[in-house]
Amino acid sequence: MNTERRGNVKPSPSQSNCDKQEETGLEETKPFQINKWQVAEAYKLVKANRGSAGIDNQSLQDFEQNLKGNLYKIWNRLSSGSYMPPPVKGVAIPKKSGGERLLGIPTVSDRVAQMTVLLSFEHKVERHFLDDSYGYRPKKSALDAIAVTRKRCWRYDWCLEFDIKGLFDNIPHELLLKAVDKHITDEWVRLYIRRWLVAPMQMPNGELQERSKGTPQGGIISPVLANLFLHYVFDKWLSKHYPKVPWCRYVDDGLLHCNSLFEAQEMFKVLKLRFNACGLELRPTKTKIVYCKDTSRKGSYETTSFDFLGYTFRARRVKGKIRNNLFMSFSPAVSKSALKTMRYRIRKLRVRCRTEMSINEMAKWLNPIIQGWIYYYGRFHRSAMAAIGRHIITLIRWARRKYKRLRKHKINACKFIGNLIEQAPHLFAHWRAGLGTALA
């Protein structure tokens, strides 16, 4: 496997020969039969996902300057077995919980090549995945995971929340490739997955870092490989040995629901041993046992809430649908960290300074962002988003900067925006949702 890796981006002799054949228009019989239209379809999907340039600094626009030739080159090398992935570009991005996460950004050509393989690989393993695995899967979403977790928290008193430390960086190649070989008979798919796993990463300081484990977070094929690995390490293993324990997993974040504290403690022990045996480790700060306290559940315990996929699950006062009575229910709502991220995004946009824009232009600019937040974080307990609705854009500070007559009169600015809400209640997405319309 190591003999297939290249520590630099120089073309191999076989690649050079392929280039010569491309220039002369000659073709020979290919060892791997890959449809050219599959490469074209892969490019369309890569373009839809956008993404930044890799180590060659080639953008999608640059790639399109010679689109036909570039796609032919990818197909020719993939089908001849001579394609060698270049190093991925390591980019450090901040994590919501603090610290940094290192993403591996492939080149545009490599993303197209990965997508070509993914089109043949994903559907062959996807059908084996279990229903309670939700991350990066077609026709499944994080909101589906939130919905099923909410129902189970009503039924079970205890929940074990876990998070895998550095999943994408620590997956053992040997175990992963056993799973790949079990489901995939196409030799070319196996070949290129092996090559991508050991492709080096170019660190931010320019140093090339060899890879002996893990799959770069940021690669197109990496999420499916991670799901395949955890399918055997966690999903199928838990369903086989502990069939009465409901679970839910979104890539490296997961939940187990238990009837008692003792059961939750025992599951914590066996889960830790299982992951350690498979080369993984639970993150101590995000792995905990939670008491799902509500009106009917008594007792005092240290941990009575948890965060999952941008939502905080805890006891909340809700109104009954039939009797309209108020009671405490263990339910999800947008988390404080998610609200903080949204407020930070608003500050970065510097809405109050965009005085060159009209109110209609402002709405057209901001609505796609606001609608996305409301669609996701407003699905459950939408009223918890009222604070961010007020923060998103009361437009008072914007109006006072834009109109001279309002600069020294905050009360008049409030009345101005209040009249706007009355006259055009559907102008902004959060106004339509009833969020942030109170200016007091």
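Student: Why is Arg 137 called buried?

Tutor: Its relative accessibility is 8%. Buried means under 20% relative accessible area, exposed means over 50%, and partly exposed lies in between, with a 1.4 Å probe and protein chains only. Arg 137 therefore counts as buried. Remember that this is a predicted model, where local features need pLDDT of at least 70, side-chain atom pairs count only at pLDDT 80 or more, and totals for chains, interfaces and linings use all residues. Residues are numbered from 1 along each chain as its sequence is written, and side-chain values use heavy atoms, with hydrogens and water left out.

Student: What makes Arg 137 and Glu 126 a salt bridge?

Tutor: Their closest N and O atoms are 2.7 Å apart. A salt bridge needs a side-chain nitrogen of Lys or Arg within 4 Å of a carboxyl oxygen of Asp or Glu, so the pair qualifies. Arg 137 sits in the loop between helix H5 (108-126) and helix H6 (142-155), and Glu 126 in helix H5, eleven residues apart. Helices (H or I, at least four residues) and strands (E, at least two) are DSSP runs, numbered from the N terminus. Glu 126 is also buried, at 15% relative accessibility.

Student: How many salt bridges does the structure hold?

Tutor: Twelve. One of them joins Arg 194 and Asp 181, at 2.8 Å from N to O. Arg 194 lies in helix H9 (residues 187-198) and Asp 181 in helix H8 (residues 173-183), so the pair ties together parts 13 residues apart in sequence.

Student: Why is Asp 181 called partly exposed?

Tutor: Its relative accessible area is 26%. That falls between the two cut-offs, so partly exposed is the word.

Student: What about Arg 354 and Glu 356: buried, partly exposed or exposed?

Tutor: Arg 354 has 28%, so it is partly exposed. Glu 356 has 52%, so it counts as exposed. Their side chains meet in a salt bridge, 2.6 Å from N to O. Elsewhere, salt bridges that share partners join Asp 157, Asp 294 and Arg 297 into one network.

Student: Why is the Tyr 311 and Tyr 377 pair called tilted?

Tutor: The rings are 6.2 Å centre to centre, with 35° between the planes. Rings of Phe, Tyr and Trp (its six-membered ring) pair if their centres lie within 6.5 Å; planes under 30 degrees apart count as stacked, over 60 as edge-to-face and the rest as tilted. The angle of 35° is neither under 30 nor over 60, so the pair is tilted. Tyr 311 lies in strand E10 (residues 311-319) and Tyr 377 in helix H13 (residues 359-377), so the pair ties together parts 66 residues apart in sequence. Tyr 311 is buried at 0%, and Tyr 377 at 12%.

Student: What makes the Trp 398 and Tyr 403 pair edge-to-face?

Tutor: The angle between the planes is 85°, which is over 60, so edge-to-face applies. The centres are 6.2 Å apart. Trp 398 is buried at 2%, whereas Tyr 403 is partly exposed at 25%.

Student: How do you know that Arg 405 lies over the face of Tyr 403?

Tutor: Arg 405 is at 5.2 Å from the ring centre. The rule asks for NZ of Lys or CZ of Arg within 6 Å of the ring centre and within 35 degrees of the ring normal. The distance fits, and Arg 405 is listed as lying over the face. The charged end of Arg 379 likewise sits over the ring of Tyr 375, 5.1 Å from its centre.
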